[in-house]
Amino acid sequence: MRTSRYLLSTLKENPVEAAVVSHRLMLRAGLIRQIASGLYTWLPTGLRVLHKVEQVIREEMNRKGAIELSMPVVQPADLWRESGRYDKYGPELCRLKDRKQNEFVLGPTHEEVITAIGRSEIKSARQLPLNLYQIQTKFRDEIRPRFGVMRGREFIMKDAYSFHLDHDSLDKTYEDMYDAYSRIFTRLGLDFRPVEADTGAIGGNHSHEFQVLADAGEDTIAYSDGSDYAANIEMAETIETAERPAPGPDYSKAPTPGCHSVDDAAAALSITADQVLKSLIVRGERDAEGKYELIMCCLKGNQELNEVKAGKVPGMSNPLEFATDEEIAAFTGSHPGSLGPVGFKGRILVDKAAERMGNFACGANEDGYHLINVNWDRDIKDYEVCDLRNVEEGDLSPDGKGKLHLRKGIEVGQIFMLGKKYSEAMNAVVMDENGKSIPMEMGCYGIGVTRVVAAAIEQHHDERGIIWPDSMAPFEVSIIAIKPGRCPQVHAEAEKLYAELEASGIEVLYDDRDERPGVMFADAELIGVPHIITVGEKSLANGEIEYKNRRSGEKQNLKVSEIADFIKAKVAAAREHARTCADKH
Ligand code: ATP
Ligand code: MG
């Protein structure tokens, strides 16, 4: 590719709207442009990277026997009614009507469509197991699109769906996909961790996420230093070891005027936050008429509520909804900041760590007052103990081996065992050997293809720009010709090398713009081309051409007669590594 005939679109200045490195570099390197919130054009360089990622994904999916198909983005609302998700899926689901007033949705995911395909196309148990995948655009009307393509509204996903006669077969494909994902992310040069995960809006009963470790990640993962345990913090169970102290004197009321937080109350009472009980009021599950009760969740003052774990407690709203200040005031007579379990008239859930507290302070359910020296059982009789808090750095690992540590992660993929959730709801059945019709077991497996590109940049960059893993680089080699207009020999050597490398199938970006050398070099480094060759008058006078390795920074001068073979060997080695590095994984 000649730069003069290409759309490079690099930017010199740092775009102000970009909060994370990958977004900044994707804009500066001319990979993407925003057209509206969460909607992006993939410019030519970006698209080349995207195609590389897709290629690795296709190879590894095909290796496991998955078969590619393509489903529509626009899906009939009735299919979503059949699965029961039309009403359940939140406002992320974009709903629309055609000119005949028929209702449709823009697919945020394709369980419904694939189940309809499975129902109509799989006629016999002999066709099972079957794993079908596509690489295709999704739309989710995210509440907060941000970080560029990391959380877009339109994005590309690889989604696969498998059908099985029994659970053992599903287990096997799940393992295969776990392995395929490990191979894909290894080949893409990512430092990642598979972690136990919540199943969220997709549903099902068993799931892993693949998390790329990076500070820009929106997820927190907990992993043990004494075992393989690793989980999204949403899932990580807590283990408590503290003993509850014996109750002391009776509780009494203390004034805490103007205190609206645990820290305010702790300061007013001259105690620490871990001696104050935090009481939050959430909504219970809605009944047929949409009514719900208010439920109090009690935690140690210095700990955080885990909304996913709390939402799974029977009778809770899920996703968890918080009560409004008005609802709380009407029910308790006080405002948030002065709430507590003593005398609370509703259901009380107490976190396992909070249950170990003794002689603690809590809100008095009266504005401006707290109670001190409160004790469970003695002062509060009716309560349920459950796991409500986030694990913290240094907590015991749930498998009893080692301590937990926390890291930020970018979720690049997730695999789910769906079981019969969709096949039962949508009647996707096959006949077993006894002629009995049974709903198929299903699994689903997603990769955020566009997000992978951003995640890779988070892990691979320096102050000059992107440093692509070999498998993702938009070009393998950059040739920079310095002032070819002034020096015919430079022009001739650069053209010759370009022709030779192109002829041997190497992807070359040939900068023939006759720009200032600094500009051309900065562009090559910004877009992260792994091998950079500079053809200049000075070194040509010595019969040499300069080579720089983008990743190592290593520079060397090579004989004009040797440069082509040198580059071909480098590229061949890089390709081989990108293809086979997962074999050792
Ligand atoms: P998240 O928790 O980040 O919202 P999710 O768990 O809802 O994602 P899945 O339904 O598991 O997403 O979708 C499969 C993959 O698609 C995710 O692992 C992620 O890599 C990608 N993905 C999901 N939402 C987005 C988005 N808004 N922008 C870009 N990629 C996304
Ligand atoms: Mg997910």
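Colleague: Why is Lys 496 called exposed?

Modeller: This is a predicted model, by the way. Lys 496 comes out at 52% relative accessibility, and exposed means over 50%, so Lys 496 counts as exposed.

Colleague: And Glu 493, is that one buried or exposed?

Modeller: Buried. The relative accessible area of Glu 493 is 17%, and the cut-off for buried is under 20%.

Colleague: What makes Glu 493 and Lys 496 a salt bridge?

Modeller: Look at the gap: N to O is 3.9 Å, and the rule asks for a Lys or Arg nitrogen within 4 Å of an Asp or Glu carboxyl oxygen. So the pair passes. Both residues sit in helix α12 (residues 488-503), three residues apart, which is about one turn of the helix.

Colleague: Which residues do salt bridges with shared partners join into one network?

Modeller: Glu 59, Glu 60, Arg 63, Arg 183, Arg 187 and Asp 583. The count by this rule comes to 51 salt bridges.

Colleague: How do you know that Glu 218 and Arg 146 form a salt bridge?

Modeller: Same kind of check: N to O is 2.8 Å, and the limit is within 4 Å. The two are 72 residues apart, with Glu 218 in the loop between β10 (206-213) and β11 (219-224), and Arg 146 in the loop between β7 (130-139) and β8 (154-164).

Colleague: Why are Glu 218 and Arg 146 called partly exposed?

Modeller: Glu 218 has 29% and Arg 146 has 36%. Buried needs under 20% and exposed needs over 50%, so both land in between.

Colleague: What does the salt bridge of Arg 244 with Glu 355 tie together?

Modeller: Parts 111 residues apart in sequence, because Arg 244 lies in the loop between β12 (230-232) and β13 (252-255), and Glu 355 in the loop between β16 (347-351) and β17 (360-363). Their closest N and O atoms are 3.1 Å apart.

Colleague: On to helices. Why is α2 called roughly perpendicular to α11?

Modeller: The axes of α2 (residues 44-63) and α11 (residues 449-459) cross at roughly 110 degrees and come within 10 Å. Angles of 65 to 115 count as roughly perpendicular, so the label fits. The crossing is right-handed.

Colleague: Which residues meet there?

Modeller: From α2, Val 49, Leu 50, Val 53, Glu 54 and Ile 57; from α11, Val 449, Thr 450, Val 452 and Val 453. By class, the contact has seven nonpolar, one polar and one charged residues.

How values were computed
Residues are numbered from 1 along each chain as its sequence is written. Chains are lettered from A and ligands numbered from 1 in the order in which they are written. This is a predicted model: local features need pLDDT of at least 70, side-chain atom pairs count only at pLDDT 80 or more; totals for chains, interfaces and linings use all residues. Side-chain values use heavy atoms; hydrogens and water are left out. A salt bridge is a side-chain nitrogen of Lys or Arg within 4 Å of a carboxyl oxygen of Asp or Glu. Helices (H or I, at least four residues) and strands (E, at least two) are DSSP runs, numbered from the N terminus. Buried means under 20% relative accessible area, exposed over 50%, partly exposed in between (1.4 Å probe, protein chains only). Axes are lines fitted to C-alpha atoms, for helices over the stretch in contact, and angles run from 0 to 180 degrees between N-to-C directions. Angles under 35 degrees count as roughly parallel, over 145 as roughly antiparallel, 65 to 115 as roughly perpendicular and the rest as oblique. A crossing is left-handed if the near helix is turned anticlockwise from the far one by less than a right angle, and right-handed if clockwise. Contact means heavy atoms within 4.5 Å. Ala, Val, Leu, Ile, Met, Phe, Trp, Tyr, Cys and Pro count as nonpolar, Asp, Glu, Lys and Arg as charged, and the others, Gly among them, as polar.
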